[in-house]
Amino acid sequence: MNVMFFVNSILLGFGLAMDAFSVSVANGLAETKMRRRKAVLISGVFAFFQFGMPLIGWVLVHWVVSYFKKVEPFIPYIALILLLYIGGKMVLESINSKKDDAKPTAALGWGTLILQGIATSIDALSVGFTTQSYGLPDAFISAVIIGVVTYGVCRAGIEIGKVFGDKFSSKATLLGGIILIGIGIEIFVKGIFF
């Protein structure tokens, strides 16, 4: 471990957290009155998945490489399906709430939050390949740094979403759903073509 190890881990954390940041903005847009405790919980879930996926990738590289190589091509499809489902659901909720203004938009539930955490961190599995030369302690510390960075980035994303959600409340859920669909398509295109 040296200074570059920490710098690389922090930069990796920011790079991996961008999808989770966008989803956090969408969550803030959709629920502008979100309590601090829930925002902390949501950020914690994203941080947990961004922490766990690189470690799982590292384990796969060291112990189950041949199996992971068979699953890796399906990762963009899995992320696309999960985010299309969640984003599509938000878009439909937005359309339905316009038809019935008395009905409030549903708050983010555990199932949706877990799906968001998986979908936005699934590409972090491949980080295990970039850390394959690390020993387990270094891989663990790197994953902790990635998780901490993700937490901070997601908290900021939720607050940004809440501010803009108040200003554009009539379009916030629709915009959040479109953002999630866009992220799913972006992950898919990057995974398939690049």
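Start with the enclosed space inside this predicted model, where the count comes to 1 cavity of 30 Å³ or more. The volume of this cavity, listed as the largest, is about 30 Å³. To display its walls, select P54, L55, W58, V127, T131, A139, S142, A143 and I146, which line the cavity. If you then colour by helix, you will find that helix 2 and helix 7 (136–167) each supply at least two residues of that lining, and that helix 7 gives the largest share, 4 residues.

**The whole chain**

Before going further, zoom out and show the chain as a cartoon, in which 8 helices and 0 strands appear, so that the order along the sequence reads α-α-α-α-α-α-α-α. Of the 194 residues in the protein chain, 44% are buried. If you look at contacts with a separation of 6 or more, 92% of them join residues that are 24 or more positions apart. Turning on the surface shows an accessible area of about 10100 Å², of which carbon and sulfur atoms hold 71%.

**Q50 and its surroundings**

Select Q50 next, which sits in helix 2 (residues 36–63). Is Q50 buried or exposed? With a relative accessibility of 0%, which is under the 20% limit, Q50 counts as buried. Draw a distance from the side chain of Q50 to the backbone of L16, and you will see that a polar atom of that side chain lies 2.9 Å from the backbone oxygen of L16. Once the neighbours within four places in sequence are set aside, the residues in contact with Q50 are L16, A17, A20, T120, S121, A124, I146 and T150. One of these, I146, has already been selected as part of the cavity lining.

**S121, across from helix 2**

From Q50, move on to S121, which is found in helix 5 (residues 110–121) and is buried, at 0% relative accessibility. Which residues touch S121 once its neighbours within four places in sequence are left aside? They are F49, Q50 and M53. It is also worth picking the C-alpha atoms of S121 and P54, which are separated by 8.8 Å although the two residues are 67 residues apart along the chain; P54 is among the residues that line the cavity.

**S24 in helix 1**

Now select S24 in helix 1 (residues 3–30), a residue that is buried with a relative accessible area of 0%. A polar atom of the S24 side chain lies 2.8 Å from the backbone oxygen of A20, and A20 is also one of the residues in contact with Q50. Beyond the neighbours within four places in sequence, S24 is in contact with F46, C154, G157 and I158.

While helix 1 is still on screen, go along to A30, which belongs to that helix and is partly exposed, with a relative accessible area of 27%. The C-alpha atoms of A30 and S94 are 9.3 Å apart in space, while the two residues are 64 residues apart in sequence.

**G177 in helix 8**

The next selection is G177, placed in helix 8, where a relative accessibility of 0% makes this glycine buried. Apart from neighbours within four places in sequence, the contacts of G177 are with G87, M90 and V91. A C-alpha to C-alpha distance from G177 to V23 gives 9.1 Å, for two residues that are 154 residues apart along the chain.

**Aromatic rings**

Finish by showing the aromatic side chains, among which the structure holds 5 aromatic pairs. In one of them Y77 and F188 meet edge-to-face, with 5.1 Å from centre to centre and 75° between the planes. This pair links distant parts of the chain, as Y77 lies in helix 4 (residues 75–99) and F188 in helix 8 (residues 169–193), 111 residues apart. How do the two partners differ in burial, given that one is partly exposed and the other buried? Y77 is partly exposed because its relative accessible area is 39%, which falls between the 20% and 50% limits, whereas F188, at 18%, counts as buried. As a last stop, select F5, F6 and Y134, which ring pairs link into a cluster.

Technical notes
Residues numbered from 1 in each chain as written. Predicted model: local features only at pLDDT ≥ 70, side-chain atom pairs only at ≥ 80, totals over all residues. Heavy atoms only, no water. Phe/Tyr/Trp six-rings, centres within 6.5 Å; stacked < 30°, edge-to-face > 60°. Buried < 20%, exposed > 50% of the residue type's maximum accessible area, 1.4 Å probe, protein only. Polar contact = N/O pair within 3.5 Å; in protein donor to acceptor, adjacent residues only side chain to side chain. Contact = heavy atoms within 4.5 Å. Areas by Shrake-Rupley, 256 points an atom, 1.4 Å probe, with all protein chains shown as cover. 1 Å grid on protein atoms, 1.4 Å probe; cavity = no way out; pocket = protein on both sides within 12 Å on 5 of 7 lines; lining within 4 Å. Points joined across faces, edges and corners; volume = space filled by probe spheres on them.
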